[in-house]
Amino acid sequence: MGSPESANVAIPGPLRSFLRMAGISQKVSPEEVMPLLARNVFELGYQGLGSKSRPTEFLILLSHYVQQARELATLAGPDGVIHVSSCDGAKPLLKILGYRTRPDCGQRSTFLETADPQRAFLTIDSGFPLPELEKSLQEGRAFTYSFSMSRVPAPPLEIDWTKKEKKVDVVDMILGDPELARFYWALARMDGETLSLLRQSHALKKMVPQAAALDFYGSHMCVRSGRVVVPGGSAAVTAWNELVGASPDSPGEFIPKLFAKDGGWLAAYFDDLSTVSPSQQTHFTEPGRLRRFYETFRGKDSSDAGTGVFRRDTGLFLLVSRLRWEPNGDPYVPGNLEVWKKIFRQNTDFKMIREVGRRSAHWDHPGQLLEALLAIAQVPTETGPLQSYLMLSEIDGRRSPERRLSPATVALLAGKFSEFSDQYLVFSEFPDLDDASIAAFLQVATSLDAISKSTLRGNAFGTFQASVGLWQILARQGEIPGAALNDSWQKVVGPFGKVTSSTQLFDAGRTALKELLLTASGKTDPVLQDALINLLAGPPQSAPDAQRMHDLIANRIRSVLDEQRLVSLDTLLALGDGLREVAGGNFSGNTLLPLAGELREFQMPQPIFRNSERDQWAAGIYNNRHTELQMRTNLAKIIKSPSSPQQLAEARGQLAPFLRDTLVGLNYAYYEPPGAQILHHNPLFVRSHDFAGDTVIGLNRLWQAPQLFGAGSPAGGGAHLVGSLADLPYVLATAEQDFIAPQNVQALIWRELVPGLLTNAVVPRWWNVSQNELHAVSLYQQCGEELLAASAQNDELRNKIMNILPDRMVPRRSERVEQALRSGHLAEMLSQLMPADTFYLAAEYQRRFPEEANSFGPAGHELAALSERYPNEVNWERLSRDFGVPHRVLAQSYTRELLNLPPFPVFMGYSSRLLAETWDSNNLYWARLADEKHYSPVMLNRLVPELTRRMVEKIFATDFEDWPALLRAAREAGEEFRQGKISALSGNDSIPRP
C-alpha cells in the first residue's frame, strides 16, 4: 500500500469483535492488527498447498463475519449507530443476525428464535449484545448499539490491491490470497528504511513468490545509507557480492536475488549469520570461507527453505550461534580430530552422514570438521554428529584448559550419545566433574541397562537417577563443596555398579543416600528424611526472615511427599537395618512390625474401570504393576514367620521399590512448578513414573528426558511420565501448565513456552544473593532508562546507544526505538523495552565507555559507587550466574547465565522453547520489584515463582513469536505487585494449598 489514502484500513464494526473472530489478542496495538490478520490467514486459514488449498473453518467463519459486519455497518448508517424502536423495526437487524421474533414480540414472555444457524453463530461468537436486544424487545423500549467502522493503520507497503483491474478491499484481498497475506506479514516486520528503498527500486512486486522465505528469514534484512548491512561488515561485502550475484550496494537487486537463490537457503544462511555477534560473523565470513561454508551447507538438497510451518534451519542456527573458536581462529575440537573421524564413521541410517563419514579419513585440519558439521546441518536427527558436537563443545568449553576432556572420554560420550545424551546435562552444568567421574557414570548406567528383569531394571533406573538428581540439586545450591564434587559424585554413583538383585539395589540406594548426606552436612543425622529435606530447601540460614522462608520451602516439599503417600526414608532405612539385624540374630523382629505396617498404609484409589474394561479401552496404554507389587508387599508376615537369613535379605529387597519412589518424589517435590495440582491431587503420579518403558510399546530411549503419557485418559491410569529424570523441571512444568487458567478469553498460551518460563522460575534459588547484588540488578535497569532519557536530547549519546541496542533487536525494532528517542516519545518507548534491554544497555555502555560517567543519572552514579565498593558482588559474572536462566537447548546446560540475545524465532523441533530460553527479562524484573519493596533477596524464592505464575495467567498472545505479549503480561503482574495485590510472604508458616 503506497498511496496516502491507503494508510488506514477500514474494519467493519467494533474492533474487539473483529479481533475475536480473527484470533488476534485484544491487547495488541492498532498498528499490529493488519499484519497479525495476514499472519493468521496464511497460518490458519488454508489447508493444502497451491491450487489444492482450501479454506479452513476458521477462515470461512471470519469471512462470513466480515460480510455480516458490513451489513450491520450499512444498517447503522453514517452515524454508525444501530437504532431499533419496535418489533417491526427490529426485523432487518434480526435478519442479518440470523434470528427472528415470535408472534408475542413486545411481551415480557417473548424471546428470539434462531432463523439462520450460521449467522446466529457468528452473532454470538463475535460478542453482539443479543441479550440486551432481546430484553429491549420484551420491555418495548428502544435499543441502540454503536457499530461504526474501525480504522487501523497499516504499513505503507507497495502491493497491488487490484484484481482484474478492479480495486479490491484490503481485508478481502488478504482473506482471499494466502501468498499475498504471507508477503504482507513478512514486509510488515521489516524496518522502514529497508522497505522504502525496496519500494523505490520497484523490487517488491517480483518478490511475492518468495513470501515464505521472506517471512522466515527476512526480519534481519537491513539497509542503511543505501547499502545492505551484511554479516561480516564491510570486509565481507565482496564475498557476499560474489555469492549472491549482486552487490550489497544495490539493495534493489541484491535482496531479491538473495531470497530467490537456492529456494531460500542462502537467505536462511544470511539470516542466521545476521543473528550472531560481530566476532562470530567475522569467523564465518573470512575470505575463502563464506562461499565454501555455504556451498558445503547447501549441498545437493533441492528442497525449499520456506516449506513447512516452522523454520528448517535449526541445526545451522545452533551451530553458528554456539560454535567456539581457538585463539588462532580454528574451530574448537573437543578431544582431537582423530576422534571425530571415528564419530562420523559410526553406524547411521542417514545417507548424508555416511557420505561425509567416508570422506573423513582425509581430514587434517579443524576447518574440515566444521565443513562436515555444516554439510549435515539439515539432517533431521537429534542424535547425529552435529548434536554430539554441540553438546560436547559445551561440556568441554566450560572446563579450564588443564581439565579438558581427553580424546578417550570424548569418544565414550559420543559413542553413547544416542542413548544417554540428555543425561549429559549434568556434565555441562558441573565442569569440575573429571573424566573418571564421567566414565564411572556411563559404566554404571550401562550395567543397569543390562539388567534383564524389567521390574528390577526400572527400580534401578529410578533409584540411581533420583540419587544423582539429589546430588545435582545440592551441588547447584553450593551445599557440596567444589573440592568435593568428584569424590562425592563417585560415592553416590559407585554403589550402583554391581546391582543384580533388589536387595543389592536397596543397599546401594541406602549407601548413596548416606554418603550424600554426609558430604553435604558433614554428619549422618538420625532423622534422615528431615535432614535431607532441610538440605534440599536450601543452605542453613541465620536471619529470621531467611529461616522462615527456608521452613516454608521445606514444608512445601513435605506436603508433596505426604500427598503422594510416600513412605518415609527413616522408616525404610530402619526396616532395612532391622531386617539385617534380625538375620544376624541380634534383634527381635517384633519391634519392626509397626514400621512394616506403614508400608501398608498406602491404598490404591478405587478403580473406575474393571480390568476387562481397561483392556478393552486402554489396552497397552498403562499397567500399574509397580504399585500392585507394592500393595502385595507384606513384610509383617515375613517378620512374624520363621525366616532364614536368605528370606530376610530378600525381604530387604522388597523395600527397593518404596525407596525408589521416595527418592524420585524428593526430586519431583523440589522442582514443583508454581500452581501445581497433579503433585497434590494425584497420589499415583510419582509411583506411576515408568522408568523401564513397561507402559508404552516401542519406547526405547529410556535414559532420555521423560515424556508425558495418559493425560486425560482415566482408563489408562491417568497422567504419568515415561523415561528418565533428565530435564525434569521442564517436563513437570509441561504436565502442570494446563492447570494455570488464563485470565483472558481466547488467550493463546504456548505449550512449549510456558514450561520454559516456569523452569526459569523454579531452577534458580536465591540463598546466596546479597542485598547489594539485588540492588545492583535494579540499578542497572534504571541506569539504562536514564541513558535513554538523556539520549533524547543528545545526538552523540543516542548514536552510542543505537550501536549497542541492535545487538538485542531486529532492525525494525531498533529503528522504532531510535525514532521514539528522536521524537521525544520516551515513556511509550520505555514501556516497549524489555527489562533485559535496559539492563544490557547499562552494562555494555559501562564496558565500552568506562570514562563517560557524566552520561549517567543518579542511578548510574549509585551503581558506579556500588561497583567500586563491592566489585565481587555486583560484577557481570556473578549477576549472570545468579539472575540468568538455564539454556537446556541453546547451551545444553542447566547452568544459569545471561546470554544477551534477542528473543529467538520458532524453529522446527523446538517450537517455542528457544523463545523461553532467550526470554531472560523475568528474573531481572522480579528482582527490581523486590528491591523497590525493600525485600530481602531470599524472598525471591517465593516471589519469583508466584509472579511468574501470575504472568502466565495474563499472557494474551496471537502467534508463536509474540514476545510483546510476554512483556505485557510481566508488566501487568508487576503492577499488581506494586499495588499490593500479591504478597511475597503469607502471615503464617505454611504455604496455602493450591
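## A walk through a predicted 994-residue chain

Setting aside neighbours up to four places away in sequence, Met-21 makes contact with Phe-58, Leu-61, Leu-62, Tyr-65, Leu-122, Asp-125 and Ser-126. That is a good place to start looking at this model, which is a predicted one. Met-21 sits in helix α1, which covers residues 15–22. Its relative accessible area is 5%, so Met-21 is buried. Gly-127 is 106 residues away from Met-21 along the sequence, yet their C-alpha atoms are 9.4 Å apart.

Two of the residues that Met-21 touches, Leu-122 and Asp-125, carry numbers that fall within helix α5, residues 117–125. Thr-123 lies in that helix too. Is Thr-123 buried or exposed? With a relative accessibility of 1%, Thr-123 counts as buried, because the cut-off for that class is under 20%. The side chain of Thr-123 has a polar partner: a 3.3 Å polar contact links it to the side chain of Gln-68. Gln-68 also turns up among the residues that Thr-123 touches beyond four places in sequence, along with Leu-97, Tyr-99, Phe-128 and Leu-130.

**The whole chain**

Now zoom out. The chain has 50 helices and 16 strands. Its C-alpha atoms fill a box of roughly 100 × 85 × 60 Å along the principal axes. How does the radius of gyration sit with a compact globule? For 994 residues such a globule would come in near 30 Å, and the chain has 32 Å, so the two agree.

Of the 994 residues, 57% are buried. Contacts reach a long way along the sequence: taking those between residues at least 6 apart, 73% join residues at least 24 apart. The accessible surface comes to about 40,100 Å², and carbon and sulfur atoms account for 50% of that. As for charge, there are 102 positive and 113 negative ones, and the mean positions of the two sets are 4 Å apart.

**Toward the C-terminal numbers**

His-887 is another residue worth a close look. Its place is strand β15, residues 885–887, and with a relative accessible area of 2% it is buried. Which backbone oxygen does the side chain of His-887 reach? It is that of Val-885, at 3.0 Å. Beyond four places in sequence, the contacts of His-887 are Gln-892, Ser-893, Thr-895, Glu-897, Leu-899 and Glu-917. Ser-893, Thr-895 and Glu-897 have numbers that fall within strand β16, residues 893–897, while Glu-917 has the number that ends helix α47, residues 913–917.

The loop between β16 and α47 holds Asn-900. Asn-900 has a positive phi of about 55°, although it is not a glycine. Most residues other than glycine have a negative phi. At 15% relative accessibility, Asn-900 counts as buried.

Asp-262 has a positive phi as well, about 55°, and again the residue is not a glycine. Its loop runs between α12 (251–260) and α13 (265–275). Asp-262 is partly exposed, since its relative accessible area is 28%.

**Residues with more accessible surroundings to check**

Next come Lys-498, Glu-868 and Arg-881. Lys-498 is in the loop between α26 (485–493) and α27 (502–521). Glu-868 is in helix α45, residues 858–869, and Arg-881 is in helix α46, residues 876–883. Lys-498, at 73% relative accessibility, counts as exposed. Glu-868 counts as exposed too, at 70%, whereas Arg-881 is partly exposed at 45%; the line between those two classes is drawn at 50%.

How far from these residues, in sequence and in space, are some chosen partners? The table gives C-alpha separations, with the Met-21 pair included.

| Pair | Apart in sequence | C-alpha separation |
|---|---|---|
| Met-21 and Gly-127 | 106 residues | 9.4 Å |
| Lys-498 and Ser-447 | 51 residues | 7.4 Å |
| Arg-881 and Gly-252 | 629 residues | 45 Å |
| Glu-868 and Gly-245 | 623 residues | 53 Å |

Gly-252, the partner of Arg-881 in the table, has a number that falls within α12 (251–260), the helix that comes before the loop of Asp-262.

Terms used: Residues are numbered from 1 along each chain as its sequence is written. This is a predicted model: local features need pLDDT of at least 70, side-chain atom pairs count only at pLDDT 80 or more; totals for chains, interfaces and linings use all residues. Side-chain values use heavy atoms; hydrogens and water are left out. Helices (H or I, at least four residues) and strands (E, at least two) are DSSP runs, numbered from the N terminus. The radius of gyration is taken over C-alpha atoms; the globule rule is 2.2 Å times the number of residues to the power 0.38. Buried means under 20% relative accessible area, exposed over 50%, partly exposed in between (1.4 Å probe, protein chains only). Contact means heavy atoms within 4.5 Å. Accessible areas come from the Shrake-Rupley method with a 1.4 Å probe; for residues, only the protein chains shown count as cover. Lys and Arg count as positive and Asp and Glu as negative; His and the chain ends are not counted. The place of a charge is taken as NZ of Lys, CZ of Arg, CG of Asp or CD of Glu. A polar contact is a pair of N or O atoms within 3.5 Å; within protein, one must be able to donate a hydrogen and the other to accept it, and residues adjacent in sequence count only if both atoms are side-chain atoms.
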